[in-house]
Amino acid sequence: MNGAAFIVISILTLAAALAAATLRKLMHAALSFAVAFVGIAAFFFLLGAEFVGLALVFIYIGAVAVLIVFTILLTRRDIEKDRGFNWSGVIIAVALFCGLTWSILKTPSLSIVAPHIRALTVKRIGEALMTSYVWPLQCIGLLLTAALIGALVLVMEEKR
Amino acid sequence: MSKSIDQVFVNAKQWLLSWLAGSPGWVIQVVSILTNIFALLAVFLTLFALISVLERKILARIQNRYGPNRVGPFGLFQPIADGIKMLIKEDIVPARADKIVHFLAPVLIAATAILTLGVIPYGRNMTPFTIDGGILFFFAVGSTTELAVFMAGWGSNNKFSMLGAMRAIAQMFSYELPLIITVLPVVMVVGSLTPERIVAAQAEYTFGLVPRWFVFTPWGAAAFILFFVSGLVESNRTPFDVPEGESEIVAGHMTEYSGFKYATFFMAEYIGMFAISGLGVTLFLGGWHAPVRVLEIIPSYVWFFVKLSVLLFVYIWVRGTLPRTRIDQIMNVAWKFMLPMAFTCIIAAAVWHYAGRGLRGWLWSLLVIAIVYTALSILLDTRRKFAQRVYRFAE
Amino acid sequence: MTPTLQIFLIVSAALFSIGLLAALSRRHAIFILIGIEMMLAAANLNFIAFWRFAPKPHQPPVGVMLALFSIAISAAEAAVGLAMIIAVYRHYRTTNVDQLDQLKG
Amino acid sequence: MNSGIVTNLWPIPAVPCAASLAILSLSNARRKSAAVLAVIGQVFALGISIFAFVSTLQTYSFRAVQNFTWFTFGDQTLRLGFVLDPLAAAMLLMISLVGLCIFVFSIGYMAEDKNFTRFFAYLSFFSGAMLGLVIANSLLLLFIFWELVGLASYLLIGFWIERPSAAAAAKKAFITTRIGDMGFFLGMLWLYNRSGTLLFYDGGSGCLESAGLAMLGASPAVAGFIALLIFCGAIGKSGQFPLHVWLPDAMEGPTPVSALIHAATMVAAGVFLVARVYPLFSLGGINGVTSSLTVVVWIGVTTALMAALIAIAQADIKRILAYSTVSQLGLMMVSLGVGGVAAGIMHLLAHGFFKALLFLGSGSVIHGCHGEQDIRKMGGLRRLMPVTFVTYAIGMMALSGVPFFFSGAWTKEEILHATEHWPRSHAPYFLMLAGVVLTALYMTRQIIYVFFGNSRVASERAHESPRVMTMPLIALAVCAIFFSVVLTPAWPWLHAYLRGEPVQFDLARLIQPMLFLSLVLVGTGLGLGIWMYREAGVQNRQRSAEVDPLEYAQPTLFRFLANKMWIDELYGRTVIAFSWAAAQLSDWMDRYFWDGLVRGFGAVGRVFAMLTTSVDEHGINAGVDGTTAGTRGLGRLMSRAHSGQIQTYLAALAVGMLALLLLYAWLG
């Protein structure tokens with residue numbers, strides 16, 4: 001596992017994420033969000049889970065990010081108004097980060113390096129999905145169908 | 001002899017890398033990757049230049065005129081002239097535009113288009129980047145195009161741009177489903193998402209004559225046609241070029257672009273077309289394999305590019321022949337016809353597989369496709385017949 | 001330098017906190033959704049990291065599976081959440097979550 | 001024995017039914033596809049039927065059975081099945097062949113109807129159910145199909161639903177047959193109670209095989225009752241004497257329906273049923289005479305004669321044929337009753353062909369005369385509709401029993417033979433001879449009225465029907481003639497086939513006394529008809545064209561016959577009046593007696609309710625109110641924290657998580 005790559009990717013991801021959380025213009029924030037997810041996918045690549053990384057890019061950049069920008073487009077009239085920034089949220093977030101970091105550093109069993117493992121091929125994932133995880137897979141299919149229908153019903157024009 | 005010609009580019013790269021023997025491993029890796037990237041860019045940018053002039057000439061032939069024939073022999077240097085013109089043109093950015101997004105859109109769209117080229121096997125041992133889930137990579141990166149188109153539309157802050165971008169995204173979303181689902185039967189039958197494995201699965205010949213390309217199975221033929229049409233839509237080509245229909249919305253999301261940025265969009269469109277055609281060749285037309293065993297002495301990459309050229313010619317031919325469709329027709333076809341047919345291809349492939357992949361499977365899967373096709377065409381028949389058009393003054 | 005599990009977890013915690021920041025501090029409903037998605041991604045990163053660093057690899061790869069399912073669920077959640085934002089916007093002409101307090105006691 | 005075919009019999013009923021469903025799902029405008037689907041379904045059924053028929057030829061008395069379990073309750077298993085034997089195979093072939101002709105004919109006949117697709121859906125449905133009926137190997141399965149054909153008949157009689165008379169006729173047919181079916185159902189239950197199975201053939205343990213019959217034979221009286229109860233169903237379906245009233249009214253349906261259902265196939269189902277369960281009827285008899293069969297004979301005789309007499313005085317072309325059908329069915333019943341099962345079935349098959357031919361011919365005539373059905377308004381059609389005339393004449397001669405060339409003659413002769421040798425009485429024989437004369441008489445009358453003489457009101461603008469209608473007529477006429485090849489006494493192939501015996505060729509048997517007798521009888525009938533009706537429909541010095549010669553000669557008798565012997569009126573005065581009165585009484589009871597009782601109970605309840613209300617309001621409610629007030633106050637206090645701001649909630653969640661983290665750290 002490459003240290004240099006790790007540093008580059010984490011800086012990119014965290015910077016993009018911070019931009020997504022704080023940028024004034026909503027559209028820029030949404031695009032930074034997409035960049036942050038590219039970074040997370042890169043993390044997955046680094047960790048050897050290529051398939052999950054590709055799926056993440058596919059779903060988040062190809063679908064969720066586009067959905068978000070479409071929502072921004074459809075609620076456009078509301079965007080220009082200036083909004084306040086809730087500083088209490090920053091305090092809570094920083095406190096939580098400190099707490100988490102402290103507890104992670106405090107746990108010695110976590111300071112391990114990655115063992116060598118067999119490459120995770122798509123075939124293995126497919127076999128697992130079709131054998132041990134076949135029922136969860138069906139449930140996810142059902143959930144996605146329900147979400148599709150639900151989203152359609154929600155955005156349908158209200159009849160007056 | 002033929003083998004060494006076949007592997008000439010691979011050997012050349014090895015030879016290049018042998019100069020670096022002794023350097024640390026990551027240096028060799030980076031150089032190897034850079035070599036691949038340069039080779040890829042060189043080949044496809046040349047092809048882009050070539051096809052841009054060839055398209056104009058072919059279209060001209062279809063329309064009974066000459067086409068560009070002034071610059072260089074047969075007008076072959078036309079792209080150079082075009083390029084110079086594009087480069088020295090003024091780059092106009094609208095005052096109210098979102099300047100960052102406006103700038104990033106062409107960059108992103110070109111980058112994704114070029115990235116998709118990386119996973120296609122161009123010949124024996126000639127895949128630039130070998131990824132386990134290569135097909136998924138292709139689509140994952142390809143789907144980023146939609147975001148880039150949106151950025152172009154939004155960043156321009158122009159009604160035509162926004163409308164064009166909306167149209168483009170709507171139709172690309174709708175056709176991405178059939179596009180991916182038509183790939184699934186191939187992936188299912190081969191059992192792998194790796195392009196090389198898919199090409200290798202089509203290597204054999206029935207009776208040493210008919211190649212076992214997937215396009216020669218009923219489900220493969222149906223899937224290939226659906227794939228090709230979806231590919232036409234994905235690359236916004238005629239007859240599905242409503243996003244940039246100049247008679248309606250100027251140039252769609254590219255309205256506010258000029259000069260080199262416009263050229264970048266143009267290039268991305270062509271490279272997207274190459275990538276989709278290349279994937280089609282890989283998935284259905286046997287990749288770099290020769291159509292007859294005897295002809296395998298001709299190098300594999302030649303076969304690949306011959307097949308690619310045929311597909312590109314069909315693209316141009318379609319553009320020269322068919323009128324533009326309406327956006328509602330495009331969407332209707334996507335959801336009511338393409339999607340069910342794509343699912344049928346999956347079922348037909350499964351039937352083919354479980355009926356033993358022989359003649360019996362061939363006939364059964366043909367039956368499945370025929371039944372669904374007939375049922376769909378009966379259900380979707382609106383009974384609106386086209387009146388015979390009379391051209392009074394054309395004769 | 002080879003990164004250890006701790007560093008991955010710290011990056012993931014940072015991502016989670018940034019997501020929380022977006023969800024807590026911004027007034028626009030879309031930011032809340034963006035924040036939630038980021039928090040979920042941080043959780044996915046944890047799953048993958050724990051799977052990768054497990055001393056004895058699992059068969060089937062449980063962490064990867066969890067991450068995959070979690071991605072699918074969060075995609076569904078994003079679709080419904082964004083549809084709700086649009087519906088709310090149509091009804092109240094606002095996406096400011098401070099003004100959406102009809103359910104107060 | 002090749003029993004493989006029997007496992008493949010299920011498509012015979014299934015395919016037309018599937019075609020019916022497919023047609024129903026089509027839109028009304030898709031006429032062509034509806035017709036094509038129906039015809040394809042029928043051709044398919046015909047194909048399998050031919051295949052099945054051929055496979056029964058392999059051995060004498062071929063019989064193959066396929067049984068399966070329908071469901072199990074407790075330790076009882078209800079099994080259904082299919083059977084293929086000469087009886088079923090012959091019926092299959094006749095039904096699918098006649099059905100196909102009629103389907104094709106209907107394409108022309110119904111061409112202008114707006115519910116064309118619905119018609120073909122019903123017709124296919126009927127065809128499927130009827131084909132299922134003949135191959136059923138279980139009385140229950142037979143009963144199911146029996147009711148399905150009843151339903152199809154109801155739907156098709158009332159096809160022109162906008163006509164009140166059609167709706168009434170459909171209702172009448174349905175209710176009248178239901179009376180018979182009630183008996184059938186009771187008989188079936190009783191049979192199940194006695195024998196424990198409803199399968200006909202089950203490798204020796206079916207109710208028609210030795211074991212089952214032995215169980216029933218213990219009490220022959222009960223067996224006779226069961227047989228008679230089942231015969232009730234046959235009476236209803238085949239329009240036998242007390243329940244025959246629905247069949248002539250059923251002619252309100254479209255003519256192809258009359259041809260298929262109410263002449264060739266469904267009404268013959270009663271005869272088929274008796275033939276199928278014949279071992280039950282003949283159980284314990286001496287010389288094949290049992291009391292139940294005697295009942296069958298006398299009911300058949302009554303029906304045959306009565307219907308033939310009524311037919312003479314009818315004016316509606318289809319009603320004449322309907323009464324003729326009733327009469328012929330009576331003849332078949334007589335044949336079965338006297339022991340001539342094969343003769344009866346042969347007549348059933350032959351009758352299927354020529355009666356369908358006659359009905360289709362009448363349909364062609366009606367079509368040509370633009371919907372007119374009154375024979376007194378027709379006349380002179382033989383020049384205008386030559387094909388219809390020739391085929392109709394062939395059908396008429398087959399029905400009358402003109403010897404040598406027409407199938408009806410030979411089968412009738414066989415029946416007369418069988419009747420002659422009935423040991424109990426000779427009366428049926430002589431009455432049947434009279435019936436033969438009457439048949440020839442009324443058919444002559446009809447054909448003279450319709451085709452001869454001069455053109456009258458309706459036939460002036462008549463025209464020949466299109467090819468799609470005449471082709472089935474020709475096909476059926478050819479069948480009616482060539483069917484006699486396998487019927488002659490010289491080479492009685494069908495007789496032998498049905499009885500499961502080898503056949504011998506002997507030309508000498510062709511000439512026998514019965515032949516001359518029937519020649520004389522038919523000649524008498526024809527001659528009488530020609531003599532009586534020579535001037536029918538012609539304007540005369542003495543009387544107008546509208547007056548029937550018989551009416552002129554015998555007005556009282558004619559009125560008696562023309563009004564169908566007042567049987568409908570009789571039923572109206574007795575059975576229907578009685579049920580009407582009973583209904584009135586029940587209504588009155590319901591309104592005043594039972595309703596008063598209920599109201600009384602209600603009043604008592606209301607008094608109690610008032611009492612409890614006062615206790616509830618003043619006693620219990622006060623305590624509850626106090627509790628509620630307390631809860632509400634607490635709730636108001638708590639709701640202060642409930643700001644409606646989701647970000648506040650989210651922050652609270654995060655703080656809670658932080659607190660848990662700290663707790664975890666503090667603990668260890």
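The expected span of a helix is 1.5 Å times one less than its number of residues. Helices (H or I, at least four residues) and strands (E, at least two) are DSSP runs, numbered from the N terminus.

This is a predicted model, in which local features need pLDDT of at least 70 and side-chain atom pairs count only at pLDDT 80 or more, while totals for chains, interfaces and linings use all residues. Residues are numbered from 1 along each chain as its sequence is written, and chains are lettered from A and ligands numbered from 1 in the order in which they are written.

**Two helices of chain D**

Helix H15 of chain D, residues 317-337, has 21 residues and reaches 30 Å from its first C-alpha to its last, close to the 30 Å expected at 1.5 Å a residue. A residue is buried if 20 or more other C-beta atoms, placed from the backbone, lie within 10 Å of its own. Because 20 of its 21 residues are buried, H15(D) is largely enclosed by the rest of the structure. Just after H15(D), Gly339(D) has a positive phi of about 105°.

Helix H7 of chain D covers residues 164-195, and its 32 residues should span 46 Å at 1.5 Å a residue, which agrees with the 46 Å between its end C-alpha atoms. H7(D) nevertheless has a kink of about 30°, centred on Ile179(D); the bend at a residue is the angle between axes fitted to the seven residues ending there and the seven starting there. Gly196(D), just after H7(D), takes a positive phi of about 75°.

**Chain B**

Chain B contains 14 helices and 2 strands. Of its 395 residues, 41% count as buried. Two residues are in contact if their C-beta atoms, placed from the backbone, lie within 7 Å. Among the contacts in chain B with a separation of 6 or more, 74% join residues 24 or more positions apart.

**The sides of chain A**

In chain A, 71 residues are in contact with 59 residues of chain C. Helices H1, H2, H3, H4, H5 and H6 of chain A each give two or more residues to that side. With chain B, 16 residues of chain A are in contact with 19 residues. H2, H3 and H5 of chain A each supply at least two residues there, and the largest share, 10 residues, comes from H3(A).

The table divides both sides by class: Ala, Val, Leu, Ile, Met, Phe, Trp, Tyr, Cys and Pro count as nonpolar, Asp, Glu, Lys and Arg as charged, and the others, Gly among them, as polar.

| Side of chain A | Nonpolar | Polar | Charged |
|---|---|---|---|
| Touching chain C | 55 residues | 13 residues | 3 residues |
| Touching chain B | 12 residues | 2 residues | 2 residues |

Methods. A residue is buried if 20 or more other C-beta atoms lie within 10 Å of its own, exposed if 12 or fewer, and partly exposed in between; C-beta atoms are placed from the backbone.
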